[in-house]
Structure formats: C-alpha cells, structure tokens
Amino acid sequence: MSARVTLEMWRAFIAIAEQGSAMKAAQKLNKSQSAVCHSIKKMESLLGHSLFIVEGRKSTLTDLGHSLLPRAQSLHNNATQIEALASKYQGQLMTEINVAVDVLLPFDFIQRVFERFYQAYPTVSIRVFETSLSGAGQLMESGSVSLAIAGRLPKETVLEPLAEIELLCVCAPSFPLATETQVFQPELKRYRQVVIRDSGNQNVDSGWLGSHQRLTVSSLTAAMASVEQGLGFGWLPAHSIADKLEDGDLVPVDLTKGKSRVVRLQLGMSPDQAHVGEVNTLFELFSSLKTMVESPPSPALV
C-alpha cells in the first residue's frame, strides 16, 4: 500500500514533522497550507493510520509517524541527490567514462562512488585503469581518461585533494628484517625491497626506492603477496594490510624513525571534459565522499 505514496506526500510529511505545523511546512515547501494538509490526509488514508496528532496549530507525530520519519528522511535525501545529479544532464549521454585510479586507493571506496553514480546514469559504462606513479598523469595528458586519481597529475588538470594514504614498512616474520631492532632507514638498502612498477613510461622513482636489490611487480596484490612470502620488505598501504598485521602474517619493521609514510592523492579532471555532466557528476561524487577514505590504525602502531 505504501508504494502508492508519492514523493510529494513524503516531502509534506517530513516538512510538518520538522517544522511542527502544516503552516510552517507550507512556507518551507512554498505551497499552500491546504495543499500540504491534503497531501497528508491522502497519505494517512493510503496507509490506513494517522501520522500526526493536531492540537491547535501544532502537529505532533504519532508512534507510527516517529517510526517512519528517519526512513522517510533517508529516502528523501537519496531522491534529492538523484534529482540533482540528473539535472546535470546535458544533451546526449556519454556511453563510457575512462578513469585512472592509483592502486593505493581503497577499491571499496571507488565502488561506493560508482554505485551512487549509477543511480543517476545507469546506462553509462565506466572503464577503470589501475595505475601507479606516473601512469595516471600520462593517461590524462594523452586524453585517454577523463578523471584521474594519483599523487602527481598534469598542472592544467582541474585538481582537488582527495586522500592521504598511510604506508607502513613491513615484512614477513621469516624475513631477516623481522628480527632486527632499532633499524635506521639507510640500513634498509641492504635488504631486498618489493616495489610496484611505474605504470607509465617515465620510470618515476617514488622517492624511497633505495635498496640495492629490488623485486619489481606490476600490482599491489602482487606486492602484498611477495612481501608475505618473504621475498622482500615493502611499504604497503595500512588499509590493505591491517588484517595481515593483526594475524601475524606481516610484521612492522622496527625503524628508529619514519615507521610510516603518507602518500597524498589528488583527484583530477580533464579541463576539456569539465563541461560534461556525467564527468562532472563523477568528479563531484569522488569529492563529496572522500571522507570515507580512512586508513584504519595499524595494530602495530597503536
């Protein structure tokens, strides 16, 4: 039965509940008081229950009204967001958006962004390029992607700070570094380091690749597996290895200083695509949801 309740009825219900009267609700909604009252009466008729107790000019929620309010507010917020996103539609929809994403960014965050995007643009395809170091910037410069997330992006890109990713220096319990104490960072050069290959063609050095021996792999998954197998130590994102640290599959290297490092990722949009509604929407969703990117505190450091 509630499926027949319209969005306008829910808006009237929320407005009266929040404002305390039909008169104030009507002012907020820019409607006549009679129209607001009519919406509520029809809604109550459809539900078969009263939602308000009216005493003079004041409207108080019934028990059912109290139960429905938080859910109604949540549904209304979602509907409002979808309407706002859909309003950005300009002309013919794009069929596909290409996005370059640094391998350090938590993928569950990316999936949440895409989920929200598909609510507004369910028919638009998204192609994700997982990159490292100079890879995202190179794809942006070549025009291969509309959006990119990386530590380094071209100067002409429309930029916003997105996330700070904590990296921890870790190794397997069987690796020689695991039993060392009070290790100075220069001493790490004596041990094999697992590093992720620059996905661009610039062979960028991330700034801490100082080991004489390196095992270079092409993905974060391969880097984590290699470190866990004892093939070398590595600087890995805290959000990806929290469980392995807790279970003892990985251990932190006992550095005297600099036990962790931070990579600052930026969100970038091609200036040539900034006028495209679909691209703009995806950019805004990444920006608005960036508070969800949180690295959990490592058990080794707390």
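Trp10, Phe13 and Phe52 are linked into a cluster by ring pairs. The model in which this cluster appears is a predicted one. Two members of the cluster, tryptophan 10 and phenylalanine 13, sit in helix α1, which covers residues 7-19. They are three residues apart, about one turn of the helix. Both residues are buried.

A pair of aromatic rings is described by the distance of the centres and the angle of the planes. The structure holds seven aromatic pairs. One of them is formed by tryptophan 10 and phenylalanine 13, with 6.1 Å from centre to centre and 75° between the planes. This pair is edge-to-face. Another edge-to-face pair joins phenylalanine 117 and tyrosine 118, because their ring centres are 6.0 Å apart and their planes stand at 65°, and planes over 60 degrees apart count as edge-to-face.

Are phenylalanine 117 and tyrosine 118 buried or exposed? Phenylalanine 117 has a relative accessible area of 0%, so it is buried. Tyrosine 118 has a relative accessibility of 34% and therefore counts as partly exposed. The cut-offs behind these words are under 20% for buried and over 50% for exposed.

An aromatic ring can also have a charged residue over its face, as at tryptophan 235. Here arginine 261 lies over the ring, 3.9 Å from the ring centre.

Phe52, the remaining member of the cluster of Trp10, Phe13 and Phe52, is also among the residues touched by threonine 62. Leaving aside residues up to four places away in sequence, threonine 62 touches Ser50, Leu51, Phe52 and Ile53. Where is threonine 62 found? It is in the loop between β2 (58-61) and α4 (63-86). Threonine 62 counts as buried because its relative accessibility is 12%.

The last step returns to helix α1 and the way it meets helix α2, residues 22-29. Two packed helices are described by the angle between their axes and the distance between the axes. The axes of α1 and α2 come within 8 Å and cross at roughly 120°. Angles of 65 to 115 degrees count as roughly perpendicular and those over 145 as roughly antiparallel, so α1 and α2 are oblique to each other. The crossing of α1 past α2 is right-handed. On the α1 side, the residues that meet α2 are Arg11, Ala12, Ala15, Ile16, Glu18 and Gln19. On the α2 side, they are Ala22, Lys24, Ala25, Lys28 and Leu29.

How values were computed:
Residues are numbered from 1 along each chain as its sequence is written. This is a predicted model: local features need pLDDT of at least 70, side-chain atom pairs count only at pLDDT 80 or more; totals for chains, interfaces and linings use all residues. Side-chain values use heavy atoms; hydrogens and water are left out. Rings of Phe, Tyr and Trp (its six-membered ring) pair if their centres lie within 6.5 Å; planes under 30 degrees apart count as stacked, over 60 as edge-to-face and the rest as tilted. Helices (H or I, at least four residues) and strands (E, at least two) are DSSP runs, numbered from the N terminus. Buried means under 20% relative accessible area, exposed over 50%, partly exposed in between (1.4 Å probe, protein chains only). A charge sits over a ring if NZ of Lys or CZ of Arg is within 6 Å of the ring centre and within 35 degrees of the ring normal. Contact means heavy atoms within 4.5 Å. Axes are lines fitted to C-alpha atoms, for helices over the stretch in contact, and angles run from 0 to 180 degrees between N-to-C directions. Angles under 35 degrees count as roughly parallel, over 145 as roughly antiparallel, 65 to 115 as roughly perpendicular and the rest as oblique. A crossing is left-handed if the near helix is turned anticlockwise from the far one by less than a right angle, and right-handed if clockwise.
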